[in-house]
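Got the viewer open? Let's take a walk through this one, one selection at a time.

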Amino acid sequence: MGRVSQAQAQENRRRVVQTASRLFREQGTHVSVADLMKAAGLTHGGFYKQFASKEALIDEATAHAFEELAERRTAALEERTGRRGAAQQALIDAYLSVQHRDNPAEGCPVAALAHDMAREPGSLEAHRVYAEGVGDFAEFLATGDEDGITRLCTMLGALVLARATKDSPLSEEILAAARAVLTEAD
């Protein structure tokens, strides 16, 4: 089998990072390299040609997930011609939705990766990226009257509880209650 071109190697790396970002949010960072590469449609042997270690991939996949979150915030602002309050409310509504609850792979890395970040060794670059991403998200959610961290904690807690109770009517009640509290705060 011949060597892949530099362009193909870059595309393969991009595909692995995107796949890892989704799988880590959906299943956690304990996903095996073999399963990850299979999901990306690549061979297990190719992993170490692209990444020094699984930890290096966790770092990149975490950064990728937070870049997606930042893009959503930017898009929300652009769609509402810079009206921050409207953009915040749209993001809160999307965050506390059944669709977001049911699709962690495409969702917020704050909620999806919290468990793994709490258990991974502290030396990972992913911890820095995660903490910075949480801070940026909280800053976006801040209003003149309310701390963004409080709003983010309300959203995160509600999403985690809604996911944990997904098969009961309580799940949607939790989402609705958090949306109501965050809407009243405006």
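Which residues does L96 touch, not counting those up to four places away in sequence? Select L96 and show its surroundings: M155, A158, L159, L175, A178, R179 and L182 are what you'll find there. Keep in mind as you look around that this is a predicted model.

**Zoom out: the whole fold**

Switch to cartoon and colour by secondary structure. You'll see 10 helices and 0 strands, so to speak an α-α-α-α-α-α-α-α-α-α pattern when read along the sequence. The C-alpha trace spans about 60 × 40 × 30 Å along its principal axes. Among contacts between residues at least 6 apart in sequence, 67% join residues at least 24 apart.

Now turn on the surface. The protein exposes about 9,900 Å², and carbon and sulfur atoms supply 53% of that. Of the 186 residues, 42% count as buried.

**Into the core**

Hide the surface again and go inside. In soluble globular proteins, nonpolar side chains tend to be buried together. Here the largest nonpolar core has 45 residues, and L57, L96 and F137 touch the most other members. Select those three as sticks, and our starting point L96 turns up again among them.

Next, colour the helices that give two or more residues to this core: α1 (6–27), α2 (33–40), α4, α5, α7 (109–119), α8 (125–141), α9 (148–164) and α10 (169–184). Give α8 its own colour, since the largest share of the core, 7 residues, comes from that helix.

**A polar stop on α1**

Is N12 buried or exposed? Select this residue in helix α1. N12 counts as buried because its relative accessibility is 11%, which falls under the 20% cut-off. Leaving aside residues up to four places away in sequence, N12 touches L42 and Q50, so add both to the selection.

**Last stop: a pocket**

Finally, head for the second largest pocket, with a volume of about 330 Å³. To find it, select R72, A94, Y95, H100 and E106, the closest to its centre of the 17 residues that line it. The elements that give two or more residues to the lining are α4 (54–79), α5 (84–95) and α6 (98–102).

Which element gives the most to the lining of this pocket? That's α4, with 5 residues. Colour the lining by class to finish: you should get 8 nonpolar, 5 polar and 4 charged residues.

Key: Residues are numbered from 1 along each chain as its sequence is written. This is a predicted model: local features need pLDDT of at least 70, side-chain atom pairs count only at pLDDT 80 or more; totals for chains, interfaces and linings use all residues. Side-chain values use heavy atoms; hydrogens and water are left out. On a 1 Å grid over the protein atoms alone, a cavity is a set of points where a 1.4 Å probe fits but cannot get out, and a pocket is an open set with protein on both sides within 12 Å along at least five of seven lines; lining residues have an atom within 4 Å of a point. Grid points are joined across faces, edges and corners, and a volume is the space filled by probe spheres set on the points. Helices (H or I, at least four residues) and strands (E, at least two) are DSSP runs, numbered from the N terminus. Ala, Val, Leu, Ile, Met, Phe, Trp, Tyr, Cys and Pro count as nonpolar, Asp, Glu, Lys and Arg as charged, and the others, Gly among them, as polar. Buried means under 20% relative accessible area, exposed over 50%, partly exposed in between (1.4 Å probe, protein chains only). Contact means heavy atoms within 4.5 Å. Accessible areas come from the Shrake-Rupley method with a 1.4 Å probe; for residues, only the protein chains shown count as cover. A nonpolar core is a set of buried Ala, Val, Leu, Ile, Met, Phe, Trp, Tyr and Cys residues joined through side-chain atoms within 4.5 Å.
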